[in-house]
Amino acid sequence: MILILNGQPYDTAAGTVAQLLNEKGIAAEGTAVAVAEQVVPRSQWDTTTLSEGASVEILTAVQGG
């Protein structure tokens with residue numbers, strides 16, 4: 001299925017937010033996810049399903065100084 005991930009088309013077999021993050025190798029710590037411009041709480045990543053053409057934004061906190 002093709003998603004729009006951070007503004008770019010992305011082909012994935014992931015069916016949930018949690019599966020997508022696992023596929024991308026992104027740790028939960030310091031990560032926020034929005035699907036269709038709605039923030040998805042971490043507690044719902046396992047149950048939030050993704051559909052063809054869904055707009056997904058993944059944001060990760062970066063330390064710096």
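A nonpolar core is a set of buried Ala, Val, Leu, Ile, Met, Phe, Trp, Tyr and Cys residues joined through side-chain atoms within 4.5 Å. The views below come from a predicted model.

**View 1. The largest nonpolar core has 14 residues.** Seven members touch the most other members: Val17, Leu20, Val33, Val35, Leu50, Val56 and Ile58. E1, H1, E3 and E5 each supply at least two residues of this core. H1 gives the most, with three residues. In soluble globular proteins, nonpolar side chains tend to be buried together.

**View 2. Leu50 makes contacts with residues distant in sequence.** Neighbours within four places in sequence are left aside here. From the start of the chain, Leu50 is in contact with Met1 and Leu3. Ala14, Gly15, Thr16, Val17 and Leu20 are also in contact with Leu50. Val35 and Val56 complete the list. Leu50, Val17, Leu20, Val35 and Val56 are also among the core members that touch the most others.

**View 3. Helix H1 spans residues 17-24 and has a buried face.** Val17, Leu20 and Leu21 are the buried residues of H1. Seen down the axis of H1, these buried residues fall within an arc of 95°, so they line one face of the helix. An α-helix has 3.6 residues a turn, so residues three or four places apart point the same way. The buried residues of H1 pack against four strands: E1 (2-5), E2 (8-11), E3 (31-35) and E5 (55-60). Gly25 follows H1, and its phi is positive, near 75°.

**View 4. Five strands form an open sheet with mixed pairing.** The order is E2-E1-E5-E3-E4. E2 and E4 (38-40) are the edge strands, and each pairs on one side only. Neighbouring strands of this sheet are turned by 35° against each other on average, direction ignored.

**View 5. E1 pairs with E2 and with E5.** Four bridges join E1 to E2, and these two strands run antiparallel. Leu3 stands opposite Tyr10 in E2. Two bridges join E1 to E5, and this pair runs parallel. Ile4 stands opposite Ser55 in E5. In a regular strand the side chains alternate between the two faces of the sheet.

**View 6. E3 and E5 run antiparallel.** Five bridges join these two strands. Val33 stands opposite Ile58 in E5. Both Val33 and Ile58 are among the core residues that touch the most other members.

**View 7. Ala34 is a buried residue of strand E3.** Its relative accessible area is 16%, and buried means under 20%, so Ala34 falls in the buried class. Leaving out residues up to four places away in sequence, Ala34 touches Val39, Val40, Ser55, Val56 and Glu57. Ala34 and Ile58 are 24 residues apart in sequence. Their C-alpha atoms are 6.7 Å apart in space.

**View 8. Thr48 is buried in the loop between E4 and E5.** The relative accessibility of Thr48 is 17%, so with buried set at under 20% this loop residue counts as buried. The side chain of Thr48 reaches the backbone oxygen of Gln44 at 2.7 Å. Residues up to four places away in sequence aside, Thr48 touches Gly15, Thr16, Val17 and Val40.

**View 9. Asn6 and Ala36 have positive phi without being glycine.** Asn6 is in the loop between E1 and E2. Its phi is near 50°. Asn6 is partly exposed, with a relative accessible area of 38%. Ala36 is in the loop between E3 and E4. Its phi is near 55°. Ala36 counts as exposed, at 51% relative accessibility. The cut-off for exposed is over 50%, so Ala36 passes it.

**View 10. Glu37 is exposed in the loop between E3 and E4.** Its relative accessibility is 76%. Glu37 and Ile4 are 33 residues apart along the chain. Their C-alpha atoms are separated by 12 Å.

Note on methods
Residues numbered from 1 in each chain as written. Predicted model: local features only at pLDDT ≥ 70, side-chain atom pairs only at ≥ 80, totals over all residues. Heavy atoms only, no water. Buried < 20%, exposed > 50% of the residue type's maximum accessible area, 1.4 Å probe, protein only. Arc of directions from axis to C-beta. Contact = heavy atoms within 4.5 Å. Pairing = 2+ DSSP bridges. Axes fitted to C-alpha atoms, helices over the stretch in contact; angles between N-to-C directions. Polar contact = N/O pair within 3.5 Å; in protein donor to acceptor, adjacent residues only side chain to side chain.
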